[in-house]
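Me: Before we go through this model, I would like each descriptive label to be set against the rule behind it. Please take the terms one at a time.

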Amino acid sequence: MSGHEENEGAPPHVAGEFFLWLWYQSETGQGRVDFGEEGGTVEYWVDDRISFRAVGEDKVSAIMTGDNPSLTPEAHAALAGGKVIRDVRLALRREDREYTVTLKAPRIEIAAAKLPALVKSGDEGEVLYERMFLYEELHFILGGLFRAFAAARCSEEWRERTLPDLRRWVAAGPGAAGALDAEAEAS
Amino acid sequence: MGVLKGGLSVRRYRASEPPEGFRDLYTAALEDNAFRDALTEVNKEQRVGWVQVHNLLDNSFLDTNRWLYNQYAVFGMRIDKKVLPGKLFGAHLEKRCQAWAKENNRERVPSKVKAELKDALEMEMLLKTLPSVAVHEVAWNLNEGWVIFHNQSEVPNDTFRKLFHRTFGMALIPHDPLDFVASEPELANALVSSGASDLRMESR
């Protein structure tokens, strides 16, 4: 057995910050990760749901659903008010396979995952192998995204640049990503 | 919804490596812990056991082709429980108490008698009540040591972990985000010691 034992889990803020980072990256045009030669490129974006909770609580305190919930003023207001993301529905594309999945904090659990159906018909075994392949691919993608987040989160750049950018992005509200990029370039 | 069709909503676990000769061992273990007792009598206790994913009435695991697909073991955890409708039960009990009081020319029903009436009514109603039945699917990659359980609520997951341990003699460890960076312990430790980021402008 490898990995961490049960009692040494990630702190509760990690999942919420991972979701925030995915949201921010996708809204600022960086919703793409290159997994190298074997892994290829994965694109991702926030789909149709984000929910928030207050710090120290588990229950949902605000939900945004529908088209582009990440672009609503309410979503940015929730962040600005100190709320953290409890779950987010994400769309992911690798090659010609597109997934939609709700990621739930704190374990980053997969919920209501819609897998691309490759085999339209076939025996039970074929369907099972395909669905397990797709589930494993989804888990693999999430692992890659999380490692990219972890590297960014634990770097010097997080405090010096990423966090100030995030604060400006949150305060500026939806659609401000382009303006912030231009501001950053000018400075 | 589950392993063979529909959306996936799962909790992932890590499991130990299966022992030599696991096919026979696990067939016997699944048979021993299969769902056997239907709630046909007066029993309110929850009953739990394994069934095939194909049909919750199929509880035999002797044919490995029905649950073992190369590296994947696939089965379901069935939970049956009889629950009496509370309001209906209360209404019937009130009628019985009123009838007893009238018959015995008493204004109130003594608590001992009320308890007896309650027990009798409970047995009577349980006989007529069908159990609520839930099946949560399980897929276990025996080669890679992970298990997914198709439910994310705490109570069914606790029940699942106990039944899994009783059946296969191994404890399941829930997946944690740090498992994604298990090969980079320094990164994992840095995440563990990271404090939450405050996004409010005024906090700078």
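Reply: We can begin with what counts as a strand, since a loop between strands depends on it: a strand is a DSSP run of type E with at least two residues, numbered from the N terminus. In this predicted model, A:Pro106 lies in the loop between strand E5 (97–104) and strand E6 (109–114) of chain A.

Me: What makes the peptide bond that joins A:Ala105 and A:Pro106 a cis bond?

Reply: Its omega is about 0 degrees, and the bond joining A:Ala105 and A:Pro106 is cis. Most peptide bonds are trans.

Me: Which residue in the loop between E5 and E6 of chain A has a positive phi, and how do you know whether that residue is buried or exposed?

Reply: A:Ile108, placed in the loop between E5 and E6 of chain A, has a phi near 60 degrees, a positive value in a residue other than glycine. Buried means under 20% relative accessible area, and A:Ile108, at 4%, therefore counts as buried.

Me: What is the phi of A:Ala112, and why is A:Ala112 called partly exposed?

Reply: A:Ala112, which is in strand E6 of chain A, is not a glycine and yet has a positive phi of about 45 degrees. The class of partly exposed lies between the buried limit of 20% and the exposed limit of 50%, so A:Ala112, with a relative accessible area of 36%, belongs there.

Me: Why is A:Glu38 called exposed?

Reply: The term requires over 50% relative accessible area, and A:Glu38 has 80%, so the label exposed applies. A:Glu38 is found in helix H2 (residues 36–39) of chain A, and its C-alpha atom is separated by 15 Å from that of A:Gly143, 105 residues apart along the chain.

Me: Why are H1(A) and H5(A) described as roughly perpendicular?

Reply: Helix H1 (residues 13–27) and helix H5 (residues 156–172) of chain A have axes that come within 12 Å and cross at roughly 75 degrees. Angles of 65 to 115 degrees count as roughly perpendicular, and H1(A) and H5(A) are therefore given that description. Among the residues making the contact are A:Leu20, A:Trp21 and A:Tyr24 of H1(A), together with A:Trp158, A:Leu166 and A:Trp169 of H5(A); the residues of this contact divide into seven nonpolar, no polar and three charged.

Me: What makes the pair of A:Phe18 and A:Phe146 edge-to-face?

Reply: Over all chains, the count comes to 28 aromatic pairs. Rings pair if their centres lie within 6.5 Å, and planes over 60 degrees apart count as edge-to-face; the rings of A:Phe18 and A:Phe146 have centres 5.2 Å apart and planes at 75 degrees, so both conditions are met. Because A:Phe18 lies in helix H1 and A:Phe146 in helix H4 (residues 124–153) of chain A, the pair ties together parts that are 128 residues apart in sequence. A:Phe18 counts as buried at 0% relative accessibility, and A:Phe146 is buried with a relative accessible area of 0%.

Me: How do you know that A:Phe149 and A:Trp158 form an edge-to-face pair?

Reply: The A:Phe149 and A:Trp158 rings are 6.3 Å centre to centre, with 85 degrees between the planes, and these values satisfy the limits of 6.5 Å for pairing and over 60 degrees for edge-to-face. A:Phe149 and A:Trp158 are both buried.

Methods
Residues are numbered from 1 along each chain as its sequence is written. Chains are lettered from A and ligands numbered from 1 in the order in which they are written. This is a predicted model: local features need pLDDT of at least 70, side-chain atom pairs count only at pLDDT 80 or more; totals for chains, interfaces and linings use all residues. Side-chain values use heavy atoms; hydrogens and water are left out. Axes are lines fitted to C-alpha atoms, for helices over the stretch in contact, and angles run from 0 to 180 degrees between N-to-C directions. Helices (H or I, at least four residues) and strands (E, at least two) are DSSP runs, numbered from the N terminus. Angles under 35 degrees count as roughly parallel, over 145 as roughly antiparallel, 65 to 115 as roughly perpendicular and the rest as oblique. Contact means heavy atoms within 4.5 Å. Ala, Val, Leu, Ile, Met, Phe, Trp, Tyr, Cys and Pro count as nonpolar, Asp, Glu, Lys and Arg as charged, and the others, Gly among them, as polar. Rings of Phe, Tyr and Trp (its six-membered ring) pair if their centres lie within 6.5 Å; planes under 30 degrees apart count as stacked, over 60 as edge-to-face and the rest as tilted. Buried means under 20% relative accessible area, exposed over 50%, partly exposed in between (1.4 Å probe, protein chains only).
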